Amino acid sequence: MPVDFSGTWNLVSNDNFEGYMVALGIDFATRKIAKMLKPQKVIKQDGDSFHVHTTSSFRDYLLEFKVGEEFEEDNKGLDNRKCKSLVTWENDKLVCVQTGEKKNRGWTHWLEGDDLHLELRCENQVCRQVFKRA
Ligand code: VLP
């Protein structure tokens, strides 16, 4: 049985989100709002097909992808840059490489105990987020 990320997840910790946002070029005023947020992630997984909806009181972001199939990502409402994204399995971790203007951009999701982990990478910055089931 492959790992199943499906569920509703609430953010409980968010390490170095500020550094990640600075690396993405998010302006000061937006960062001040964004760092106060406690986003919720709703993940629907059907095998290798994913629907990841990150919601907050400020902005929402919907990402849909199939593992192994490269797609155009527009990061609308985030940094608004376009990139080519590819998500692959690395054992039970879901690894995304976002190829574009920003070097070393991507993220990794995995489950650890009852928690959902997300590592967000951009240039030399790493943000670590932990979510618990709602
Ligand atoms: C943008 C920084 C904050 C800051 C301004 C808006 C959407 C993997 C992946 C789904 C993400 C999370 C979003 C990272 C924020 C970038 C609004 C926050 C709520 O998750 O789950 O693609 O990229």
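Visitor: Which residues does Phe50 touch, not counting residues up to four places away in sequence?
Guide: This is a predicted model, so to speak: local features need pLDDT of at least 70, side-chain atom pairs count only at pLDDT 80 or more, and totals for chains, interfaces and linings use all residues. Numbering runs from 1 along each chain as its sequence is written, and side-chain values use heavy atoms, with hydrogens and water left out. With contact meaning heavy atoms within 4.5 Å, Phe50 touches Phe5, Ile43, Lys44, Gln45, Leu63, Glu64, Phe65, Val67, Trp89 and Leu94.

Visitor: In the largest nonpolar core, which residues touch the most other members?
Guide: Such a core joins buried (under 20% relative accessible area, 1.4 Å probe, protein chains only) Ala, Val, Leu, Ile, Met, Phe, Trp, Tyr and Cys residues through side-chain atoms within 4.5 Å. Out of 30 residues here, the answer is Phe50, Phe65, Val87, Leu94 and Trp107.

Visitor: How far is an oxygen atom of the ligand from a polar side-chain atom of His109?
Guide: His109 is among the residues that come nearest, of the 18 around the ligand, where near means a heavy atom within 4 Å. Polar contacts are N or O pairs within 3.5 Å. For Lys41, the side-chain N or O atom is 2.7 Å from a ligand oxygen; for His109, the separation is 2.8 Å.

Visitor: What share of the ligand's accessible area does the protein cover?
Guide: Areas come from the Shrake-Rupley method with a 1.4 Å probe. On its own the ligand has 590 Å² of accessible area, and the protein's cover comes to 96%.

Methods: Buried < 20%, exposed > 50% of the residue type's maximum accessible area, 1.4 Å probe, protein only. Polar contact = N/O pair within 3.5 Å; in protein donor to acceptor, adjacent residues only side chain to side chain.
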